[in-house]
Amino acid sequence: MMFSSSQFDAVSAFPGGGSMLSQQSQPTDSPFSSAKSRETQGLVPVTVKQISEASQYGDEKSNFVINGVDVANVTVVGMVFDKAGRNTDIGFTIDDGTGRIGCRRWMNENFDTIEMEEILDGMYVRVNGHLKSFKGVKQLVAFSVRPVTNFDEVTFHFIDCIHNYLQSKSQLQGVTPTQMQPVDTSLSPSVKSASSGYQTAPSSQFSGQSSNIDGVKSCDQLVIDYLQQPASIGQEKGVHRDELSRQLKFSVEKIMESIRSLEEEGLIYSTIDEFHYKSTQCG
Amino acid sequence: MDTSNPAVFVNAELLRLYVGRRVRAVIQVLRSDGGVVMGKSTDENQIVVKGSPPAPLSKFVEVVGIADSEKSIIVEVWSNFGDSFDTHTYNQLCQLANGEFKHLFL
């Protein structure tokens, strides 16, 4: 069978449940679990423009999605303005040339105070922080604010943003730009691989032997990935199979095959009718 | 949050396309002369930047301001970018930020 149930048990053991998305786009990505909770993500390099377009979901004020990827902590490089401090916290604005966003740094420890003392208006800084929404306005709760000393860092940051964007995009589509290498054919093929020409790598995909990044994802994997995106989970009635067909670029027949297989595994279920499906693993 | 007034990454070639718009560019300072600085853009052309630069001025400076002609910028903000800077990479960033990935910036 395609999926071993142990893979999903492991993921649900993550604190906070987390939303199950394909691998986050960090350079040190492990080839293991194809889904990470928000907490294990790391800093995502973004422009303020990207933050402004981030969509939110769920009840919490910190569920953001940028380029189809769950984002909690970000890193931004820009200029400081309007720094205004108190003993308890310091607020400032960051302008990175694509937009301005309000930031707040809580003075929890000496380290916070000392670091913020160095920061002056007009300075280029790298801010690492947590994305939050307050009264409908997106903000950064900063936990690190560091002056830029080598200005190649500015160039680097924006290239990093582009790179991260490309990685998120390719992971969403289930295919990376660098490859189309066939998966090792010595692996036992799944029943469904024959007609479509896609090679499926069963449980080895999740055991770390063949990384998702290097392999071609099967239709089943793409369907379940799509249904586990926060946008899909957020829809009560689930996703229509025509939408899956359109978005993933498979024929409806192929999609239905995958749906049947995933349903048998207990990974998805139909909702209002036999055309709408939802993942059983919710974030 | 405010993305109403972004500054476009430009070199000399791109500056021409954004006359009247808010732009940002890194230049190598060639000459500084009473309110006018002659700079070399990251694509090896000359740009005139107008305003009151800070003193001292480092070799590389980032200027943010309004492009008032195809070859000049009226500067609002000057930032010293030090004496060593990778202009080649910055130049490529300008091209990417105005091309395929423009939507991440503007």
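## B:Asn80 and its neighbours

Start with a side chain: that of B:Asn80 reaches the backbone nitrogen of B:Ser58 at 3.0 Å. A polar atom of the same B:Asn80 side chain also lies 3.1 Å from the backbone oxygen of B:Pro56. Keep in mind that this is a predicted model.

B:Asn80 sits in strand β6 of chain B. Its C-alpha atom is 6.4 Å from that of B:Leu57, a residue 23 places away along the chain. Leaving out residues up to four places away in sequence, B:Asn80 touches B:Pro56, B:Leu57, B:Ser58, B:Phe60 and B:Val61, plus A:Phe151 from the other chain. With a relative accessible area of 29%, B:Asn80 counts as partly exposed, because that class runs between 20% and 50%.

## Where the two chains meet

That touch on A:Phe151 leads us to the interface. Here 25 residues of chain B are in contact with 28 residues of chain A. Together the chains bury about 2200 Å², with 67% of it on carbon and sulfur atoms. On the chain B side, B:Met1, B:Leu104 and B:Phe105 supply 30% of the area buried against chain A, more than any other three residues.

As for polar links, there are zero salt bridges across the interface by the rule used, but 10 residue pairs are in polar contact, both partners at pLDDT 80 or more.

## What chain B brings

β2 (22-33), β6 (72-80) and α2 (87-98) of chain B each supply at least two residues of the side touching chain A. The most come from α2(B), with four residues. By type, that side of chain B splits into 14 nonpolar, six polar and five charged residues.

Terms used: Residues are numbered from 1 along each chain as its sequence is written. Chains are lettered from A and ligands numbered from 1 in the order in which they are written. This is a predicted model: local features need pLDDT of at least 70, side-chain atom pairs count only at pLDDT 80 or more; totals for chains, interfaces and linings use all residues. Side-chain values use heavy atoms; hydrogens and water are left out. Contact means heavy atoms within 4.5 Å. Buried area is the accessible area (1.4 Å probe) that two parts lose on being put together, summed over both. A salt bridge is a side-chain nitrogen of Lys or Arg within 4 Å of a carboxyl oxygen of Asp or Glu. A polar contact is a pair of N or O atoms within 3.5 Å; within protein, one must be able to donate a hydrogen and the other to accept it, and residues adjacent in sequence count only if both atoms are side-chain atoms. Ala, Val, Leu, Ile, Met, Phe, Trp, Tyr, Cys and Pro count as nonpolar, Asp, Glu, Lys and Arg as charged, and the others, Gly among them, as polar. Buried means under 20% relative accessible area, exposed over 50%, partly exposed in between (1.4 Å probe, protein chains only).
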